[in-house]
Amino acid sequence: MSPVDLLDRKLLVVTGKGGVGRTTVAAGLAVLAARTGRRTLLCESDPAGGMGTVLEAGRLTYQAREIEPGLHALAVDTESALQEYLQLQLKVPRVARIGPLARTFDFVANAAPGVREILAIGKLGWEVRDGEYDLVVADAPATGHVIAQLRAPRAINDLLTMGLVREQADWLAALLADRSTTGVVLVTTPEETPVTEALELADRLDDEDVDVGLAGVVVNRVLPELFGRAEEEVFQRLAGPGHEALTAALGEDPSGVLTAARLAVGLRRSGATHLAALRAGLPAGVPVLYLPELFARDTGIRAVHRLAEHLADEL
Amino acid sequence: MNDLEQLLAAREIVVTCGAGGVGKTTTAAALAALAATELGGRVLVLTVDPARRLADAMGVGGLGNEAVRVPNEAFAASGARPRGELWAAMLDTKQGWDDLVRRHAPDPATRDAILANPLYDTLTGRMVQSHDYVAMERLHELHASGEWDLIVVDTPPSRHAIDFLEAPGRMADFFTSRFLRILVAPSRHRLIGMASRPFYAIADKVLGAAFLRDIAEFFGLLESMYDGFVERARAVERVLSDERTAFVVVTTLSAVPVREAMFFVDALRERHLQLGAIVLNKVLPPGLLDVRQAALAARLAQDAPALASRVCSEEPMSDEASADDVEMVARVLAEVGDSFGRLRVVAQREAVQRAALEALGHPVVAVPQLDHDVVDLASLLVVGTALRG
C-alpha cells in the first residue's frame with residue numbers, strides 16, 4: 001500500500017497517548033488534505049480540547065466552520081450530537097419533547113453503556129455517509145478511550161436486539177471495518193510509553209470486537225541525528241578530556257553548551273532505540289511517517305503549517 | 001526540607017494530577033519512592049497504569065488490585081537503602097466494581113443478580129468514567145484501613161482531570177436523582193407519570209423496549225445499594241478536602257499541559273482543595289537560558305574551523321593528529337553550537353510558561369529532562385532527588 005492512500009480514505013481516526021501532539025498532527029493531516037484539493041472536515045471529539053487553540057480559530061462548536069479554503073472544523077459534544085441524532089435520524093422534534101431526556105442527559109451519557117461513544121463515532125460516520133466532504137479527520141480521544149469508541153457499534157449490537165439504534169450500529173460497524181474507507185492513524189513520539197501504547201493499540205485494532213484498519217503511524221518530534229559514530233567519539237572526547245582545551249580555545253568554559261549537547265545526543269540515542277522497537281513491533285506494510293522536532297517558537301496554526309509541509313514530504 | 005518533602009512527611013494522601021503524557025505516573029512513583037527511602041514509614045503508590053518496564057524493574061511486575069511490596073533487593077540494585085517500605089497497587093476497574101458490589105449488596109441473592117446482569121459488565125467495564133469513582137472508592141478503603149502512613153495516588157486518565165475529583169459527588173447525585181427513580185419505577189408498577197412519558201416514547205423508539213427493561217431491572221437491583229454508595233462517596237469527599245490530603249499538579253512546560261495545569265490550580269481553589277506544589281517535569285537545562293553560554297555556542301557554530309585547530313593543537317583527537325581530525329572536530333563543534341541554538345529556542349519558550357506558573361504563588365519544583373526513560377528504580381530515585389530540590 002503506498003502512503004498516498006492515507007489521504008484517499010474517507011475517515012481517518014487520529015489517536016495516540018496524551019502529550020504526543022495528536023491534535024497538531026490531526027490538524028496537519030487535515031491542512032495537507034485540504035491543500036491537495038480535498039474537501040476536508042476536521043472533527044474534535046472533545047469540545048474542551050486544544051484544536052481551537054491549535055488552529056487559532058477560537059472555540060470550535062458543533063457547527064462546522066471553514067478555517068482555510070477547503071478545510072472545515074467542528075467539535076463534537078455529546079448533547080448536540082444527541083439532539084442532531086434524534087432530529088435527523090429519528091425524526092424526533094427538537095427540545096420540547098425531550099425535556100426529561102435533556103435534563104437528565106448527564107446520566108444517559110455517563111451511565112448508559114456506550115451512548116457517549118456511539119454518538120461521537122456516529123457523528124463521524126454520518127459526516128462520511130453524507131458525502132459533503134472527501135475526507136473526515138477525527139482528533140480522537142487518547143488511546144485508552146478510542147477503543148471504547150471504535151467498538152461502540154459492536155458493543156451496542158451485543159446489548160440491543162432491536163430499535164433504530166441497533167440498525168444504525170450495524171452500518172456504522174461496517175463503515176469502520178471497511179479498510180478502504182476508514183483508517184486509524186497512530187501518533188507517537190520516540191519515547192518508551194507512547195511507543196508501548198501505540199503498539200498495544202495497533203494490536204487491539206485487529207480484535208474481533210474492534211476491527212478497524214491501521215492506516216499509518218506518525219512519529220512526532222523525532223530529534224535530529226547530531227553525529228555519526230566517528231563524530232560521536234570525537235564529541236565524547238571533547239566533552240571529556242578535551243573540555244579544558246576547548247575552554248582554552250574559547251577563553252571561557254562552555255559547560256552549559258556541552259551539557260545541552262550531551263542531553264541532545266542522549267535523547268537522540270534513546271529515541272533511536274524506541275523507534276527500532278516501534279518498527280519491529282508494527283505489522284508489516286504499515287506506513288510510518290517521521291516528523292522532526294520543530295525547535296521553533298511557533299505554536300498554533302504556524303506550527304500546523306510547518307507540520308503539514310513535513311507530512312507532504314513524507315507522503 | 002523543601003515544600004514537597006514537607007508534604008510527604010505531613011500528609012496522609014498526596015494526589016498527582018495533570019494533563020496526559022506529562023509524567024504523572026512517574027512523578028507519583030518517584031514521590032512515593034522518595035518518601036519510603038528518605039522519610040520512612042509504610043508508603044503506598046496507587047497507580048492507574050504503571051509503565052510496564054518500570055513495574056518490572058521495581059519487582060512488582062504482576063501488579064494488581066492488591067498492594068505488593070517493592071522488594072529491598074530492587075532498592076539494593078539501585079544503591080539505595082530505604083528507611084521505610086514502598087508498596088504499589090494498581091487500579092483494576094472491573095475488580096474494583098466487583099468488590100464494591102460484594103461489600104454493599106444487602107444479601108447474596110442481590111449480589112449474584114447484579115454480578116450476573118448482562119448490563120453490569122458493560123456499565124462497569126466500558127464506562128470510562130467509572131474508573132474515577134472506583135479509584136476514589138479504593139483510595140477510601142486503603143486510607144481507612146490505616147495500614148499506610150502515606151498513600152500517593154496517580155489520577156486516572158480523565159479527559160478532564162477534574163472529573164476524578166467530582167466522581168464521588170456525581171455518583172451520589174446519580175443515585176439520588178429523580179431520573180433514576182423514573183427509570184426504575186416502571187419495573188415496579190407500570191404507572192409512568194406524565195412527565196416521563198415522552199422520555200419513554202423516545203427511549204423506546206431509540207433503544208427498544210427490551211433494553212429499557214434490562215436497564216430498569218439493573219438499576220432496580222442497584223437501588224438496594226444506594227445508601228452504601230452515597231455514604232462512601234461523601235466520606236471520600238471529606239478525606240480529600242481536609243488537611244490530610246494535598247494535591248500535586250504535574251506539568252511539562254509546553255503550552256497545552258500548562259493551560260491544563262492552570263485550569264486545575266483554579267479548580268482546586270474553587271473546591272477548597274489543598275494544592276501542595278506544582279511539579280515542572282522534563283525541564284531543559286538552565287544553562288540554555290544563559291546569555292554567555294549562548295554567545296559561546298554561537299562562536300562554536302561560526303568559528304568552528306579556527307577553534308578546531310586550536311583545540312587539536314592542545315588535545316589531539318587521535319594518536320596521529322591529522323588534517324582530517326581538525327575537520328571532523330570542526331564539524332562536531334559547529335553541530336554542538338547549532339544544537340544549543342535549537343534547544344535554546346525551546347528553553348526560552350518554556351521559560352515564559354514557567355514564569356506564568358511561578359506567578360501563581362504556589363511552591364514550584366523542577367525536575368530536569370533526563371536523557372533516558374525512567375524505567376528503573378535508580379532513575380526513579382534520580383527524579384525523587386530532583387523533587388527534593
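**Loops, helices and cores in chains A and B**

Q: Where is Glu56(A) found in chain A?
A: Keep in mind that this is a predicted model. Two elements of chain A flank the spot: helix H3 covers 51-55, and strand E3 covers 65-68. Glu56(A) sits in the loop between helix H3 and strand E3.

Q: Is Glu56(A) buried or exposed?
A: Its backbone is a bit unusual: Glu56(A) isn't a glycine, yet its phi is positive, about 55°. For the surroundings, count C-beta neighbours inside 10 Å; Glu56(A) has 12. A residue with 12 or fewer is classed as exposed, so Glu56(A) comes out as exposed.

Q: Which strand holds Lys282(B), and what is its exposure class?
A: Lys282(B) also has a positive phi of about 55° without being a glycine. Its place is in strand E7, residues 275-283 of chain B. With 17 other C-beta atoms within 10 Å, Lys282(B) falls between the cut-offs of 12 and 20. That puts Lys282(B), in strand E7, down as partly exposed.

Q: How far does helix H14 of chain B reach from its first C-alpha to its last?
A: H14(B) runs over residues 255-270, which makes 16 residues. At 1.5 Å a residue you'd expect 22 Å. The model comes close to that, with a reach of 23 Å.

Q: Which residue with a positive phi follows H14(B)?
A: H14(B) itself has several buried residues, including Val256(B), Ala261(B), Phe264(B) and Leu268(B). After the helix comes a residue with phi near 55°. That one is His272(B).

Q: Why does Leu165(B) count as buried, and which residues does it touch beyond four places away in sequence?
A: Leu165(B) is in helix H9, residues 162-176 of chain B. It counts as buried because 26 other C-beta atoms lie within 10 Å, and the cut-off is 20 or more. One partner is 75 residues away along the chain, with the two C-alpha atoms separated by 8.5 Å. Setting aside residues up to four places away, Leu165(B) touches Leu240(B) and Arg271(B).

Q: Which helix gives the largest share of the largest nonpolar core?
A: This core has 89 residues, and Val14(B), Leu31(B), Ala32(B), Ala33(B) and Val152(B) touch the most other members. The largest share is nine residues, from helix H2 (residues 24-39) of chain B.

Q: How many residues are in the second, separate core?
A: Nonpolar side chains tend to be buried together in soluble globular proteins. Among the members of this second core are Leu60(A), Ala81(A), Val184(A) and Val187(A). Its residue count is 79.

Definitions and conventions:
Residues are numbered from 1 along each chain as its sequence is written. Chains are lettered from A and ligands numbered from 1 in the order in which they are written. This is a predicted model: local features need pLDDT of at least 70, side-chain atom pairs count only at pLDDT 80 or more; totals for chains, interfaces and linings use all residues. Helices (H or I, at least four residues) and strands (E, at least two) are DSSP runs, numbered from the N terminus. The expected span of a helix is 1.5 Å times one less than its number of residues. Two residues are in contact if their C-beta atoms, placed from the backbone, lie within 7 Å. A nonpolar core is a set of buried Ala, Val, Leu, Ile, Met, Phe, Trp, Tyr and Cys residues joined through C-beta atoms within 7 Å.
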